[in-house]
Amino acid sequence: TVKPGMVLLGDLGGTFAPNAEIEIPALLVGDVLSEIASATVSVVGPDGKAVNALDSTLLSKASAERNYFIKLTQVGTYKVQYMVTDTAGFRQMVEKSILVPDVKAPTVVINGKIPASAKVGNKITIPKFTATDDFSEEVTCYVIVMTPTSYATVTTANQIELTSAGKWLIRYFVYDSYYNCTIIDYEIIVK
């Protein structure tokens with residue numbers, strides 16, 4: 001039982017920035033006892049769908065005898081699979097992974113204002129906010145209130161009472177699935 005041989009004619013795999021254009025190299029294939037029946041390459045994006053090369057070739061069991069170029073438009077892991085089959089039915093497969101991490105923090109828009117100063121006993125409204133991310137569908141959001149005595153609490157209330165004098169901090173803390181975070185702080189001086 002002799003499987004067909006293959007040599008990748010270039011480097012493949014690793015970590016790349018979103019929207020990078022990379023080469024999917026060709027294969028050099030051979031077999032000692034049989035002829036090669038097929039040599040294919042398939043590239044599947046993070047969404048689970050086959051990827052089109054820049055020349056519009058669908059990379060789903062496409063010929064591996066030539067190279068292709070693709071643009072990494074999705075965040076996540078791309079899977080590249082090379083398959084060589086000889087006329088005796090023996091197969092050889094190689095898989096490579098390409099990682100495209102999200103490197104951009106979520107965008108946070110505060111829908112209101114927080115006063116810079118207030119009096120002890122005042123109640124202030126914590127404005128609602130909108131958080132979006134360029135790649136993650138899900139973002140995690142916290143609103144943290146830190147008192148002058150450094151006591152911090154996560155709040156879901158829309159209003160807080162300023163019970164003591166000193167510097168209060170309202171912190172909006174938002175992160176995406178790659179742990180890129182956005183922090184927006186508001187200080188309130190309470191007298």
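Is Asp 185 buried, exposed or partly exposed? At 36% relative accessibility, Asp 185 counts as partly exposed. Here buried means under 20% relative accessible area, exposed means over 50%, and partly exposed lies in between (1.4 Å probe, protein chains only). The model is a predicted one: local features need pLDDT of at least 70, side-chain atom pairs count only at pLDDT 80 or more, and totals for chains, interfaces and linings use all residues. Residues are numbered from 1 along each chain as its sequence is written, and side-chain values use heavy atoms, with hydrogens and water left out.

The overall form was examined next. The protein has 0 helices and 18 strands. Helices (H or I, at least four residues) and strands (E, at least two) are DSSP runs, numbered from the N terminus. The radius of gyration is 27 Å, well over the 16 Å that the globule rule gives for 191 residues, so the protein is more spread out than a compact globule. This radius is taken over C-alpha atoms, and the globule rule is 2.2 Å times the number of residues to the power 0.38. Along its principal axes, the C-alpha trace spans about 90 × 30 × 25 Å.

Of the 191 residues, 34% count as buried. The protein exposes about 11,100 Å². Carbon and sulfur atoms supply 51% of that area. Accessible areas come from the Shrake-Rupley method with a 1.4 Å probe; for residues, only the protein chains shown count as cover. Among contacts with a separation of 6 or more, 59% come from residues 24 or more positions apart. A contact means heavy atoms within 4.5 Å.

One open sheet has 5 strands in the order β2-β9-β8-β5-β6, with mixed pairing. Its edge strands are β2 (14-15) and β6 (62-63), and each pairs on one side only. Two strands pair if DSSP finds at least two bridges between them. Strands β8 (residues 76-86) and β9 (residues 91-100) run antiparallel and are joined by 10 bridges. Within this sheet, Tyr 82 stands opposite Val 94 in β9. β5 and β8 are also antiparallel, with 8 bridges. Thr 40 has Met 83 in β8 as its bridge partner. β5 pairs with β6 in the antiparallel sense over 2 bridges. Here Val 41 is matched with Ala 62 in β6.

Another open sheet of 5 strands follows the order β11-β18-β17-β14-β15, and its pairing is mixed. β11 (117-118) and β15 (152-154) stand at the edges with a single partner strand each, so one side of each is left without a neighbour in the sheet. Strands β17 (residues 166-176) and β18 (residues 181-190) are antiparallel and share 10 bridges. The bridge partner of Trp 168 is Ile 188 in β18.

Charged side chains were then considered. The count comes to 3 salt bridges, each defined as a side-chain nitrogen of Lys or Arg within 4 Å of a carboxyl oxygen of Asp or Glu. Asp 185 takes part in one of them, with Arg 171 (2.6 Å, N to O). Asp 185 lies in strand β18 and Arg 171 in strand β17, so the pair ties together parts that are 14 residues apart in sequence. Arg 171 is partly exposed, with a relative accessible area of 27%.

Lys 167 and Glu 187 also meet in a salt bridge (3.7 Å, N to O). This pair links distant parts of the chain: Lys 167 is in strand β17 and Glu 187 in strand β18, 20 residues apart. Lys 167 is partly exposed at 47%. Glu 187 is partly exposed at 46%.

Asp 55 and Arg 66 form a salt bridge as well (2.7 Å, N to O). Asp 55 sits in the loop between β5 and β6, and Arg 66 in the loop between β6 and β7 (68-71), 11 residues apart. Asp 55 has a relative accessible area of 41% and is partly exposed. Arg 66 is partly exposed at 37%.

A nonpolar feature also appears at the surface. Val 2, Val 32 and Leu 33 make a nonpolar surface patch of about 320 Å². Patches are made of residues with over 30% relative accessible area and no salt bridge; like charges are joined within 9 Å, and nonpolar side chains (Val, Leu, Ile, Met, Phe, Trp, Tyr) within 5 Å. Leu 33 is found in the loop between β4 (27-30) and β5 (36-44). With a relative accessible area of 66%, Leu 33 is exposed.
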